[in-house]
Structure formats: C-alpha cells, structure tokens
Amino acid sequence: MTIRNFLKDKTFQIILNFICSFSLALYLLAVGNTITTVTLIFISFWAIYFVILLTHYWKRNQYFKKLELLRCQLDQPYLLQEFMEKSWLLEDQLYCNILRKTNEAALSRINTLQKEQAEYQSFLEGWIHEVKLPITGMRLACHNGKSVDVRRLELYLTEMDSIVEQALFYGRSENVYKDFQIAKINLKETVHHVITKNKYLFIENQMRVDVTFDDIFVLGDKKWLAFILTQIISNAVKYKRDNDSKLTIQVKESTAETQLYIRDNGIGIAQSELTRVFNKGFTGTNGRQREKSTGIGLYLCKKLCDKLDIKLTINAKIHEYTEICLTFAKNNYLSKL
C-alpha cells in the first residue's frame with residue numbers, strides 16, 4: 001500500500017474536511033475574528049488532521065505487511081484468516097468473519113469433490129482389474145496358437161493391456177507413495193520382462209531389439225519401472241521407420257549414477273519440439289500424422305519419474321533417432337538397507 005493510493009482512497013474524506021474547515025473560517029471571520037486568528041486555526045486543524053492521516057497510514061501499512069508476510073509463510077494460504085491478529089477495527093473483524101465463512105464453504109466443497117473423486121478412482125481401479133481378467137484369459141487361449149490371425153490377436157491384446165495399464169497408472173500417479181516399494185531391482189531382468197511381454201508388438205512390426213548390458217542393480221520399484229519402460233518402448237514402435245527398425249537398450253554406469261539408454265532408429269523428433277514432448281496432450285508433428293497418438297504416454301512417464309526420483313531426459317534428431325535416458329542415482333545409505 002503506497003501513500004498515494006492511501007490518500008486517493010481518502011479523497012472524499014479530505015474534501016469533506018476542507019469544506020467544513022473553509023465554512024468554519026468564513027463563520028469565524030463573520031463573527032469578528034481577525035484573519036490572523038482564523039489562519040492559525042485553519043493551519044492548526046490541517047496540521048493535526050495530516051498527522052492523524054499519516055499515523056493511520058503507517059498503522060494500516062504495517063498491518064497489511066504482516067498479513068502478506070504471514071501469507072507467504074503459510075503452507076496453506078487460504079487459512080490466513082485463522083492466523084490473523086485480532087484488529088480493534090470493526091471493518092477488519094467483519095472482513096475476517098466473511099473470509100472465514102467463505103473458506104469454510106470452499107473447503108466443504110473441496111472435501112465433497114475429493115470424496116467423489118476417491119470413489120470414482122476406486123471404481124475405475126476395480127473396473128480396470130476386472131477388464132484385465134478377460135484379457136489375460138484370451139491371451140492364454142491364444143498362447144498355443146500359431147496362425148497369423150492368432151498372432152495378430154495377441155498383438156491387439158498386448159495393445160489393449162497397455163492402454164488399460166496406462167489408465168490404471170494415470171489414476172494412481174497422484175498418490176504414488178501409496179503403491180510403490182523401493183527396493184534393489186535387477187535392471188536387465190526388468191528390461192527383458194518388458195520385452196517378453198511386448199514380443200508380439202516387435203514381431204508384428206518387424207523390429208529388432210538389442211540389450212547390450214549385463215546384470216545391473218538399481219534402486220526403484222519394479223512394477224512402476226516396467227510400466228515406464230513399456231510406454232517408452234510403445235512409443236519407439238509407434239514411430240519406427242518403415243524398414244530395418246531397431247531398438248537398442250544399453251547402460252552406462254558411474255560412481256554416482258546408473259543411466260539406462262533406450263534408443264531407436266525411427267523417424268525422430270524435431271528439435272523445436274523436444275522441450276514439449278513431456279507436456280500433457282502434446283502430440284507434435286509426428287503425432288498429428290499418426291492417429292493413435294494421445295500425448296499421454298511420455299507425460300505420464302515424466303510425472304512418475306519425478307515422483308520416483310528418476311531423471312528422465314530425451315534427445316532426438318529428425319529422421320534419424322530418438323534416445324531416452326533414465327538416470328538412477330546411487331545412494332550408499334539406501335543400498336545397505
């Protein structure tokens with residue numbers, strides 16, 4: 001609050017006081033007082049009035065500065081009125097009561113929405129698990145078949161299972177801490193598990209996969225990591241080149257971290273779009289050319305990696321390659337648990 005804004009707010013009061021003081025001066029002159037006496041009274045009145053104004057400005061300015069500082073320190077700023085100092089001004093007390101009642105109504109509405117969202121999420125997770133059962137059953141029924149149609153059906157079931165899992169993990173992504181378990185996991189075993197699960201996707205798309213590293217252990221959650229790898233691999237297959245497509249998975253290890261590189265020789269990504277590929281719903285130039293693109297896969301991977309303390313980066317060159325790197329930090333303390 002500036003002095004200029006304060007005086008602007010008091011404009012009506014100042015004009016009213018000026019009219020009153022001017023009328024008083026005219027009356028005093030009319031009843032026979034000298035100009036000197038009237039001038040002294042006029043000056044004294046305005047001097048006292050301006051001292052009162054400045055004092056009031058200073059107090060109000062300090063009051064609002066404290067409120068702003070308190071607001072910045074609170075984790076939940078909407079509860080500001082609960083921590084406000086009690087003011088002797090009736091106006092402040094009325095504002096505080098209005099804020100309290102408004103926030104109570106807002107919090108009540110938020111609690112209702114959160115309850116409804118939790119119920120919907122619970123229903124959605126239950127529905128997804130129910131859907132996965134017939135998918136698993138159909139996959140087992142097709143397991144012994146060798147015809148082209150059966151293999152294609154296996155591919156469709158793999159894609160359906162991936163989409164269902166994406167919905168499940170998307171619903172859980174806000175509360176990762178409730179579901180994940182940090183443990184030492186074999187990175188090579190996890191990668192091979194994901195490749196085996198998606199083998200029909202590679203076969204149908206005639207894509208070679210090379211895994212060029214031995215057993216390496218990292219700290220993480222196997223189930224969530226497998227989901228992240230599945231999304232990355234699905235993207236690599238979706239944007240593969242028409243012939244001689246290849247996916248290479250390798251690891252670089254240092255004393256501080258382990259880096260998992262997933263590189264394909266597909267259609268790549270334009271440099272101008274690299275900073276946006278993790279944005280929700282962003283499909284880019286490639287996505288607009290492929291109807292199946294939703295812009296959710298990499299967004300969800302980035303969101304989960306941030307929550308699991310895995311650094312996710314991407315590098316690409318149009319018409320040449322796309323390379324995604326997952327960086328796992330090494331923590332000597334956790335590794336001893």
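The sulfur of Cys96 lies 18 Å from the closest cysteine sulfur, that of Cys72, which is too far for a bond. In this predicted model, a search of the whole structure finds 0 disulfides, a disulfide being a pair of cysteine sulfur atoms within 2.5 Å. Cys72 is accordingly in no disulfide. As to their surroundings, Cys96 counts as buried at 12% relative accessibility, whereas Cys72 is exposed, with a relative accessible area of 52%; here buried means under 20% relative accessible area, exposed over 50%, and partly exposed in between, with a 1.4 Å probe and protein chains only.

The model is predicted, so that local features need pLDDT of at least 70 and side-chain atom pairs count only at pLDDT 80 or more, while totals for chains, interfaces and linings use all residues. Residues are numbered from 1 along each chain as its sequence is written, and side-chain values use heavy atoms, with hydrogens and water left out.

Turning to the chain as a whole, the protein chain has 12 helices and 7 strands, these being DSSP runs numbered from the N terminus (helices: H or I, at least four residues; strands: E, at least two). Its radius of gyration, taken over C-alpha atoms, is 34 Å, well over the 20 Å that the globule rule (2.2 Å times the number of residues to the power 0.38) gives for 337 residues, so the protein chain is more spread out than a compact globule. Along the principal axes, the C-alpha atoms fill a box of roughly 120 × 50 × 40 Å. Buried residues make up 37% of the 337 residues. Among contacts (heavy atoms within 4.5 Å) between residues at least 6 apart in sequence, 71% join residues at least 24 apart.

One pair of residues separated in sequence involves Tyr200, which lies in helix H8 (residues 199-204) and counts as buried at 13% relative accessibility. Tyr200 and Thr158 are 42 residues apart in sequence and 7.7 Å apart in space, C-alpha to C-alpha.

Most residues other than glycine have a negative phi. Two loop residues with a positive phi are set out below.

| Residue | Phi | Loop | Relative accessibility |
|---|---|---|---|
| Asp309 | about 60° | between helix H11 (297-307) and strand S6 (310-317) | 65%, exposed |
| His319 | near 65° | between S6 and strand S7 (321-329) | 64%, exposed |

Neither Asp309 nor His319 is a glycine, and strand S6 borders both the loop that holds Asp309 and the loop that holds His319.
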